[in-house]
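User: Hi! I am new to reading protein models, and I would like a close look at one single part.

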Amino acid sequence: MSGPVNLSKVLGAAAMLLASASSGLFAQWPAYPTAGVPKTADGKPDLAGAVPRTPDGKPDLSGIWKFVDSPDARPGSPPPAGARSSGIGVRIPGLLQFFDIGSTLKDGLPFQPWAAELRSQRVAQNNRDNPDAHCLPIGLMQLHTHPEPRKIIQSSGLIVILYEANAGVRQIFTDGRPLPGKDAQPWWYGYSTGKWDGDALVVETNGFRDDVWLDVEGSPLTESGKMTERFRRVNYGNMEIEVTVDDPKAYIKPWTVKVHHRVMLDTDLIEFVCQENEKDVPHMTSR
């Protein structure tokens with residue numbers, strides 16, 4: 001499945017999807033039974049079942065996962081005056097962290113003054129420069145909270161995450177290599193290495209570009225930023241990712257949020273070609 005999908009279309013579709021009781025997402029891969037799913041006594045998937053493990057005893061994070069908004073997320077302040085009443089200019093219930101990653105923090109994100117002003121400018125412009133709206137790679141935090149699913153493939157020495165959103169591909173090396181130094185070429189997703197701390201996979205990432213968006217509304221991440229993620233599969237059906245961002249250029253102190261994912265069964269990712277037949281960019285405006 002391909003087409004001129006951009007942020008406004010994705011969010012519009014997400015609003016409809018959130019109203020659906022289906023366990024899968026619209027237009028996913030045709031149903032095919034997922035192997036190894038634990039079952040309850042009546043034969044239904046037991047999402048509270050035991051965490052699957054790899055041959056070496058580590059939790060197996062493999063699977064198709066969808067984002068689930070935190071129960072602690074709050075709508076926060078309304079969009080600025082003049083913002084559109086639909087599309088990119090508003091927040092969608094069930095995707096509050098996608099719009100504002102600081103929505104679970106009592107006082108919001110601890111912005112440096114310039115970063116707070118930049119975010120306000122981006123919101124006032126209806127977030128039109130968000131990379132997702134231009135078929136560009138999306139920052140890791142937006143990928144964690146994106147309504148489109150992601151697929152984790154785990155092996156010894158390497159974990160690959162395939163993101164349906166803009167066909168993103170991320171590599172997390174668990175083979176013991178160090179993170180690159182400051183002279184490494186900046187990347188959209190940065191450079192990621194991971195190690196196990198008990199049943200938690202701890203991933204450190206550096207080497208970001210200077211123009212990363214952490215959420216739809218444009219909370220920034222700069223080249224000085226470092227991200228630490230703790231992936232923990234709580235049970236068969238649920239995963240928590242605790243994310244700490246340390247970026248002294250954009251924030252007055254490090255901050256931590258938690259993202260929730262739920263397994264998707266009997267499905268797989270679809271092809272996503274954002275740029276094909278794209279006709280939206282000429283019509284994007286600030287108002």
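User: How many Å should the 12 residues of helix α3 (residues 113-124) span, and how far apart are its end C-alpha atoms?

Analyst: Happy to help! This is a predicted model, where local features need pLDDT of at least 70 and side-chain atom pairs count only at pLDDT 80 or more, while totals for chains, interfaces and linings use all residues. Residues are numbered from 1 along each chain as its sequence is written, and side-chain values use heavy atoms, leaving out hydrogens and water.

Now to the helix. Helices (H or I, at least four residues) and strands (E, at least two) are DSSP runs, numbered from the N terminus. The expected span is 1.5 Å times one less than the number of residues. For α3 that gives 16 Å, and its end C-alpha atoms are 17 Å apart, which agrees.

Next, which residues of α3 are buried? They are Ala 115, Arg 119, Arg 122 and Val 123, where buried means under 20% relative accessible area with a 1.4 Å probe, counting protein chains only. Looking down the axis of α3, you would find these buried residues within an arc of 100°, so they line one face of the helix. That arc is taken from the directions from the helix axis to the C-beta atoms.

What covers the buried residues of α3? The cover includes two strands, β7 (212-213) and β8 (220-221), with contact meaning heavy atoms within 4.5 Å. Finally, α3 is followed by Asn 126, and the phi of Asn 126 is positive, near 60°.

Note on methods: Buried means under 20% relative accessible area, exposed over 50%, partly exposed in between (1.4 Å probe, protein chains only).
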